Amino acid sequence: MKEDFERNQYLTYYSKWRNGYFQFNNTIPSKKPAYYLDEVCESQYSYKTTWYRNTIDPLSITDHSLSSSLAIAFEQTHILLNAKSFYIKDIRDVQETPFNTIVFQLDEPPLKTKEESRTIMNRYFSQKPLDYTYIQHIGKSLGFHHRCPFVSGDEIFVPEKGAANDSTSWYGLHHILSAVEDKRENCMQVTFRNHHELQLIVSAHSFYDQVERSAVLTHLLHAVVDELLSNYCHTLAPYFSEELNVVQRRLKNPTFTSVFFSLNKVMVFLSNYKAQDILVKVLGEENPYLDEVRDHFRSTLTNNPTFPKD
């Protein structure tokens with residue numbers, strides 16, 4: 001009798017548990033073969049769980065709120081910027097903290113580090129097809145001699161001060177949705193994505209000048225890319241696509257080898273080549289200093305092709 005009572009209790013408990021389990025979980029029959037189930041004891045049911053990532057509350061970034069930002073920031077030895085980074089603040093002059101830089105992100109708490117902002121930005125630039133030095137050369141050709149924005153695709157970072165020889169703060173224009181001038185403080189109240197706000201200590205004239213510069217650089221770089229890609233559209237011959245030409249066959253040949261050159265190296269080479277060409281015209285072909293100049297600019301895109309043997 002006791003055994004029957006306990007058995008009924010267990011059955012009642014099991015029935016309630018089973019009903020609750022199937023009420024809140026989606027049953028998915030196992031696709032494993034029967035012989036596999038005989039060897040390994042596995043449940044024939046599984047359930048799906050959805051995790052919701054809580055974003056941080058919008059931040060109000062000012063010099064007065066720096067201590068609060070540092071309190072919630074995670075310490076990092078090295079920082080690599082990503083698509084969510086929107087403000088890199090140089091805090092070397094702040095005596096109350098041993099950290100030199102704090103990086104703000106859209107969906108995550110800030111990051112603080114003893115690295116200087118210049119080191120962080122150089123690491124970021126090195127990951128891009130064209131580094132900041134070459135973007136500066138393009139900017140100078142357009143008349144942007146100081147505080148040139150860095151444009152790479154849709155990402156745009158602008159230095160608050162001249163970044164040629166020292167660290168400075170950088171703000172991401174590609175994440176800024178609106179900006180309002182604060183005439184009393186002579187600064188800009190900037191709103192980023194996810195409602196983050198920043199008191200940017202630059203004048204309205206300087207801010208909108210950088211917006212204009214960034215727009216010009218973005219348009220120019222996109223125009224160059226579009227022009228290069230359009231060449232394929234003009235030369236494409238789809239009715240020849242079934243039969244490869246001699247160049248296409250050569251490219252597909254396993255014996256073909258080529259050296260890969262980054263876009264940055266190609267552009268630097270073209271700049272050096274143009275400079276040498278100008279010097280030859282100015283100094284003359286027989287000038288004894290030309291060889292010395294060529295040695296200084298020795299940067300050739302040499303390739304050693306391997307031709308197929310007959």
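Start by selecting Arg-147, which sits in the loop between helix H5 (132-141) and strand E6. You are looking at a predicted model, so treat each stop as a feature of that prediction. Color by backbone torsion here if your viewer allows: the phi of Arg-147 is near 55 degrees, a positive value in a residue other than glycine. Is this residue buried or exposed, or something in between? Arg-147 has a relative accessible area of 25%, so it counts as partly exposed.

**Back along the chain to H5**

Now select 132-141, the helix H5. Which of its residues are buried? They are Tyr-132, Tyr-134, Ile-135, Ile-138 and Gly-139. Turn the view until you look down the axis of H5: the buried residues fall within an arc of 160 degrees, so they line one face of the helix.

Next, show the side chain of Asp-131, which caps the N-terminal end of H5. Draw a distance from its side-chain oxygen to the backbone nitrogen of Thr-133, and you should find 3.3 Å. Then go to the other side of the helix and pick Gly-143, which follows H5 and has a positive phi near 95 degrees.

**Forward into the sheet**

Move on past Arg-147 and select strand E6, residues 150-152. Add strand E7, residues 155-159, which pairs with E6 in the antiparallel sense over 3 bridges. To see one bridge, highlight Ser-152 together with its partner in E7, Glu-155.

Strands of a sheet pair through backbone hydrogen bonds, either parallel or antiparallel. Switch to the cartoon view and bring in the rest: this is an open sheet of 7 strands with mixed pairing, in the order E2-E5-E4-E3-E8-E7-E6. Which strands are at the edges? Strand E2 (74-75) and strand E6 (150-152) are the edge strands, each pairing on one side only.

**A second positive phi**

Jump to Asn-194, in the loop between strand E10 (187-192) and strand E11 (197-200). Asn-194 is not a glycine, yet its phi is positive, about 65 degrees. Its relative accessible area is 35%, which means that Asn-194 is partly exposed.

**Zoom out**

Finish with the whole chain on screen. Its secondary structure comes to 9 helices and 11 strands. Of its 310 residues, 31% count as buried. The accessible surface is about 22300 Å², with 54% belonging to carbon and sulfur atoms. If you build a contact map, take the contacts with a separation of 6 or more: residues 24 or more positions apart account for 53% of them.

Key
Residues numbered from 1 in each chain as written. Predicted model: local features only at pLDDT ≥ 70, side-chain atom pairs only at ≥ 80, totals over all residues. Heavy atoms only, no water. Pairing = 2+ DSSP bridges. Helix = DSSP H or I, 4+ residues; strand = E, 2+ residues; numbered from the N terminus. Buried < 20%, exposed > 50% of the residue type's maximum accessible area, 1.4 Å probe, protein only. Contact = heavy atoms within 4.5 Å. Areas by Shrake-Rupley, 256 points an atom, 1.4 Å probe, with all protein chains shown as cover. Arc of directions from axis to C-beta. Polar contact = N/O pair within 3.5 Å; in protein donor to acceptor, adjacent residues only side chain to side chain.
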